[in-house]
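Trainee: I have just opened this one and could use some company while I look around. Could we go through it together?

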Amino acid sequence: MTEQPAELAVHPYKRHRFPAEIISHAIWLYFRFPLSLRHVEDLLAERGIEVSFQTVAEWAVKFGGEYARRIRRQSRGRFSDKWHLDEMVITIKGKKHWLWRAVDAEGYVLDALVQSRRNKKAALRLMRKLLKQQGLAPRVMITDKLGSYAAAKKELMPGVEHRSHKGLNNRAENSHLAVRRRERGMKGFKSARQCQRFISIHGPITNLFHYPRNSMTAAQHRHLRNAATAMWNEITSPVAA
């Protein structure tokens, strides 16, 4: 893989017809809300910004991954020590795949991985990725009754408490709903690679704007929303590191 020229690494928006504010706003709309690319095109057009949905798709691929990496870097070490793991089936071109997902006790997405199997090897891959990303093992791991979790945990994290019960894992199962809505809106994912790329960007952006609204006052909610917006503007700034 060739390295980017230093000029492009420092000025990622250089030679783009639209400024950073419009590009980042389009990406925010696409990943923050259950909108299709054509919906984003229409919303921008309503504001007098003529951008095709193909261009929005290219922006999402080119800039979305970098935004997600910056969010993950700033969020490292801020999640709770209770992990909820779950998997859901997705069909790509008629073939079953499994979306493995981990969230913490507050509903923040820790990681997600598209795999073709639902076995111990797949569970090990997810857990290794989680340990690498988080830098430490959880205090408690909660899963459904799939035996692959227990087998993988025994090998990687034998000292971690494991609670295995269908009713305990609603938080992880509910976390799948946002991706399921996007899957329907996109009329299915086109490939495992496209799905993995989408969820790898969608998760961190969702985390940035995730706040449990039912447990706070309106003033607290506005404060957190403003803080998240300020961080997004900082992350997407042309001078962001």
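Trainee: To start somewhere, which residue in β3 is the bridge partner of Ala102?

Mentor: In β3 the bridge partner of Ala102 is Asp111. Before we go on, keep in mind that this is a predicted model, where local features need pLDDT of at least 70, side-chain atom pairs count only at pLDDT 80 or more, and totals for chains, interfaces and linings use all residues. Residues are numbered from 1 along each chain as its sequence is written, and side-chain values use heavy atoms, with hydrogens and water left out.

Trainee: And how do β2 and β3 pair, over how many bridges?

Mentor: β2 and strand β3 (residues 109-115) pair in the antiparallel sense over 6 bridges, where pairing asks that DSSP finds at least two bridges between two strands. They form a hairpin with 4 residues between them, and Gly107 in the turn has a positive phi of about 90°.

Trainee: What about β1, how many bridges join it to β2?

Mentor: Strand β1 (residues 82-92) is joined to β2 by 10 bridges, and the two run antiparallel. One example is Asp86, whose bridge partner in β2 is Arg101. This hairpin has 2 residues between the strands, and Lys93 takes a positive phi near 55°.

Trainee: Why is β2 described as largely enclosed?

Mentor: Strand β2 (residues 95-104) has 8 of its 10 residues buried, so the rest of the structure largely encloses it; buried here means under 20% relative accessible area, taken with a 1.4 Å probe on protein chains only.

Trainee: Switching topic, how much space lies in the largest pocket?

Mentor: The largest pocket holds about 690 Å³ of space. A pocket is an open set of points on a 1 Å grid over the protein atoms alone, where a 1.4 Å probe fits, with protein on both sides within 12 Å along at least five of seven lines, and lining residues have an atom within 4 Å of a point. Of the 27 residues that line the pocket, the closest to its centre are Gly107, Ala178, Arg181, Thr206 and His210.

Trainee: Which element gives the largest share of that lining?

Mentor: That is α7, with 8 residues.

Trainee: And α8, how many of its residues are buried?

Mentor: In α8, 12 of the 17 residues are buried, among them Phe198 and Ile201.

Trainee: Last one, which residues form the aromatic cluster?

Mentor: Tyr13, Trp28, Phe33, Phe63, Tyr67, Phe209 and Trp232 form one aromatic cluster. Phe63 counts as buried because its relative accessibility is 3%, and Tyr67 counts as buried at 1%.

Note on methods. Buried means under 20% relative accessible area, exposed over 50%, partly exposed in between (1.4 Å probe, protein chains only). Grid points are joined across faces, edges and corners, and a volume is the space filled by probe spheres set on the points. Rings of Phe, Tyr and Trp (its six-membered ring) pair if their centres lie within 6.5 Å; planes under 30 degrees apart count as stacked, over 60 as edge-to-face and the rest as tilted.
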